[in-house]
Amino acid sequence: MSLPQNDHQSKTNHERRALIAPQITQCSCLTGTGRSAIAVVAVRGPDAQEVLQRCSRLAVDQPASVGQVRLGHWTGPDAIQTDPSPATNHPDETVVITAITANHWEIHCHGGTAAIERILADLQHCGAQWVREIRTESPLIITEAEAVLARCLTEKTAAVALAQVRGALLEWAVQWQSQPTSPEILATVKSEAQTILRSAEWTMRIAQPWKIVLVGKPNVGKSSLLNALVGFDRSITFDQAGTTRDVLHTETVIAGVPVRLSDTAGIRDSGEPIEAEGMRRALHAANTADLVIQVEDATSQQPVDFFSLHSSIPQIHVLNKVDLVESRQTLSENDVATSAMTGVGMEALVTLLGQKLLQHAPKPSEPVVLNERQHDLMTQIATSSPEFQLTAKLEALIGEVLQ
Ligand SMILES: Nc1nc2c(ncn2[C@@H]2O[C@H](COP(=O)(O)OP(=O)(O)OP(=O)(O)O)[C@@H](O)[C@H]2O)c(=O)[nH]1
Ligand SMILES: [Mg+2]
């Protein structure tokens, strides 16, 4: 079998990877106990590649590169690699092999206990140490990313955290840490740090749902729109102003982003104490939202009049009940005409919501900051003076290696 060659790796690359791989080669089953369709066995450490080469053969004999997913056969230790049916005690097992890094491999095999036990036994025979859970001597930057990844709710957000677990930000910091500091290097690092910070508002909160709040006058169709967005009757809707009294939440996913939608009481002049409290809560929810959907009634004879909220809060204006009007008013690019009743315009609304939610999202493989600590250090790097101690700040960003 052919696995990635080490000869292209510079010393820096090798050192970088050593930061996120255990010092001895270890193997472990990552999937839970009990039977399942597929199991995943991980091998990590300095001899991971060699151990795999002794036990398996790729279906296509071309070197596998990091990130590739390759079909292969588990032949067992030191079977004759050119013989498709080596005379071992076990028949070949079909597996899928992928290199997460040069020192970190995953074997996806049949989920039955026999296949898992055989693979783990073969790996141990070749010198890997079995552990219940592979604990790496990871620097803080990696363990922080692992903690965020564990809380991510969608594939899109998890992909961003996973890239950091695999070392995107670590590699960025190690790469510059190993360079001699010169004015040119400092300028490049500062500029790259500023680029990383551009997505910080998005990346620092990927483990929490984005707060989207619907506000508007009574009876415009806020609750109906929320129900149409989530696909079930979460809120009571009724042809009477003042139906919704409190703030009502429901969670869903829009464009791969987890969101918490909040329906609120309609805003109008009212002396009724419960309704007034509902309106106070509605405005508070709107002013602390990540995105506000302001709803107006398309049948209203009054000129369209949206509330003025804090200017930093992104907003979408929705003209609802368009099924009841003959001609629509002209809409700007942040406006959508909908009918919660017939579904007209709902797709456009979801598309616009997705655009707003993903406006500052990074590409999944980009280095990003995931928490306040990383953000503070990146800000110091991005705004540093020429005397600034770049290496020390990058070291602080990487953090101590946790045993
Ligand atoms: N024809 C039509 N009727 C709608 C539409 N959206 C909502 N309605 C109706 O309008 C009435 C009010 O809808 P709600 O969703 O309860 O309005 P709301 O804004 O939540 O009202 P409050 O909770 O009182 O503030 C209900 O009878 C709905 O069925 C729409 O797009 N078209
Ligand atoms: Mg309502």
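The following paragraphs lead through three helix pairs and one cavity in a predicted model.

A convenient place to start is the pair formed by helix H4 (140–151) and helix H5 (residues 155–165), whose axes come within 8 Å and cross at roughly 160 degrees. Since angles over 145 degrees count as roughly antiparallel, H4 and H5 are therefore roughly antiparallel to each other. The crossing by which H4 passes H5 is left-handed. On the H4 side the contact is made by Ile142, Ala145, Glu146, Val148 and Leu149, and on the H5 side by Ala158, Ala161, Leu162, Gln164 and Val165. Sorted by class, the residues joining H4 to H5 are 8 nonpolar, 1 polar and 1 charged.

Two residues of that contact, Ala145 of H4 and Gln164 of H5, appear again in the lining of the largest cavity, which also includes Ile141, Leu169, Leu170, Val368, Leu370 and Gln374. The count of cavities of 30 Å³ or more comes to 1, and the volume of the largest cavity is about 40 Å³. The elements that contribute two or more residues to this lining are H4 and H6. In terms of class, the lining of the largest cavity divides into 6 nonpolar and 2 polar residues, with no charged residue among them.

Helix H6 (residues 168–177) leads on to the next pair, for H6 packs against helix H13 (residues 390–398) at an angle of about 155 degrees, with the two axes 9 Å apart. That angle makes H6 roughly antiparallel to H13, and the crossing of these two helices is left-handed. From H6 the contact draws on Leu170, Trp172, Ala173, Val174, Trp176 and Gln177, while H13 supplies Thr391, Leu394, Glu395, Leu397 and Ile398. The contact of H6 with H13 comprises 8 nonpolar, 2 polar and 1 charged residues. Leu170 thus links two parts of this description, being listed in the contact of H6 with H13 and also in the lining of the largest cavity.

How are the axes of H9 and H11 placed with respect to each other? The axes of helix H9 (residues 222–230) and helix H11 (residues 346–358) come within 11 Å and cross at roughly 80 degrees. Because angles of 65 to 115 degrees count as roughly perpendicular, this crossing makes H9 roughly perpendicular to H11. Leu225, Ala228 and Leu229 of H9 meet Met346, Leu349, Val350 and Leu353 of H11 in the contact. By class, the contact of H9 with H11 holds 7 nonpolar residues, no polar residues and no charged residues.

Conventions: Residues numbered from 1 in each chain as written. Chains lettered and ligands numbered in written order. Predicted model: local features only at pLDDT ≥ 70, side-chain atom pairs only at ≥ 80, totals over all residues. Heavy atoms only, no water. Axes fitted to C-alpha atoms, helices over the stretch in contact; angles between N-to-C directions. Helix = DSSP H or I, 4+ residues; strand = E, 2+ residues; numbered from the N terminus. Parallel < 35°, antiparallel > 145°, perpendicular 65-115°, else oblique. Left-handed = near helix turned anticlockwise from the far one by under 90°. Contact = heavy atoms within 4.5 Å. Nonpolar A, V, L, I, M, F, W, Y, C, P; charged D, E, K, R; others polar. 1 Å grid on protein atoms, 1.4 Å probe; cavity = no way out; pocket = protein on both sides within 12 Å on 5 of 7 lines; lining within 4 Å. Points joined across faces, edges and corners; volume = space filled by probe spheres on them.
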